[in-house]
Amino acid sequence: MTKTLVVCGHGPGISDAVARRFGREGFAVALVARNAARLEASAQALSAAGITARAFACDLSRPEAVRSLIGEVRASLGPIAVLHWNAYTPGAGDLLTAPVEELHTVLGVAVHGLVAGVQEALPDLKREKGSVLVTGGGLAYYDPAAEQMAVSWNAMGLAIS
């Protein structure tokens, strides 16, 4: 049976490159984000390149939606061998002035959704000897330059997540 890569937070950058790379290696690819039309266009582009790809629209900040998504992907494409989490949401730009409530969505996507996805995919990941790949861009590094960049972009919520 084909192994499946689930790309959560698919967009035109690193997540699309990951989808193409794994797809060339024979993985079926599930593309996940909120914008169904963009996902469908991306799935069609991957299919045109000979990669089995399907689009799944999902709000990754909602753990119950993520759990359901994993089940849908499994039923549609097969066992999940790799969960790629590239999802983020803007918000909580300046931690000294932003309302604390803004962190709910940021943490919902970066932590709660990710944990729900890993938990739901875990039986497959264990059976397939799979992996979880979390990409956070340059703000994932603990480095004074990255911190300064986050401050100048007013993106401290993203840096925290």
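Author: Before we start, a bit of vocabulary: buried means under 20% relative accessible area, exposed means over 50%, and partly exposed is in between (1.4 Å probe, protein chains only). This is a predicted model, where local features need pLDDT of at least 70, side-chain atom pairs count only at pLDDT 80 or more, and totals for chains, interfaces and linings use all residues. Residues are numbered from 1 along each chain as its sequence is written, and side-chain values use heavy atoms, with hydrogens and water left out.

Reader: Okay, which residues touch the most other members of the largest nonpolar core?

Author: In soluble globular proteins, nonpolar side chains tend to be buried together. A nonpolar core here is a set of buried Ala, Val, Leu, Ile, Met, Phe, Trp, Tyr and Cys residues joined through side-chain atoms within 4.5 Å. The largest one has 23 residues, and Val6, Cys8, Val32, Leu60, Leu69 and Val73 touch the most other members. Two or more residues each come from strand 1 (4–8), strand 2 (28–33), helix 3 (63–77), strand 4 (80–85) and helix 4 (102–127). Those elements are DSSP runs numbered from the N terminus: helices are H or I with at least four residues, strands E with at least two. Helix 3 gives the largest share of this core, six residues.

Reader: What does Leu69 touch?

Author: Leaving aside residues up to four places away in sequence, Leu69 touches Cys8, Val32, Phe56, Cys58 and Leu60. Contact means heavy atoms within 4.5 Å. There's also a second, separate core of 16 residues, with Val18, Val29, Leu39 and Val82 among them.

Reader: On to charges. How many salt bridges does the structure hold?

Author: Side chains of opposite charge can pair when their charged atoms come close. The cut-off is a side-chain nitrogen of Lys or Arg within 4 Å of a carboxyl oxygen of Asp or Glu. By that rule, the structure holds five salt bridges. One of them pairs Glu25 with Arg21 (3.7 Å, N to O); Glu25 is exposed at 52% relative accessibility, while Arg21 is partly exposed at 46%.

Reader: Which residues are joined into one network by salt bridges that share partners?

Author: Arg74, Asp124 and Arg127. Arg74 pairs with Asp124, their closest N and O atoms being 2.8 Å apart. Arg74 sits in helix 3 and Asp124 in helix 4, so this pair ties together parts 50 residues apart in sequence. Arg127 also bridges to Asp124, with closest N and O atoms 2.5 Å apart. Those two are three residues apart in helix 4, about one helical turn. As for accessibility, Asp124 is buried at 1%, Arg74 is partly exposed at 27%, and Arg127 is exposed at 55%.

Reader: Now helix 2. Which of its residues are buried?

Author: An α-helix has 3.6 residues a turn, so residues three or four places apart point the same way. In helix 2 (residues 36–48), Leu39, Ser42, Ala43 and Leu46 are the buried ones. They fall within an arc of 100° seen down the axis, so they line one face of the helix. That arc is of the directions from the helix axis to the C-beta atoms. This buried set packs against helix 1 (14–24), strand 2 and strand 3 (53–57). On the other side, Ala37, Gln44 and Ala48 are exposed.

Reader: And what does Gly50 do just after helix 2?

Author: Gly50 takes a positive phi of about 85° there.

How values were computed
The expected span of a helix is 1.5 Å times one less than its number of residues.
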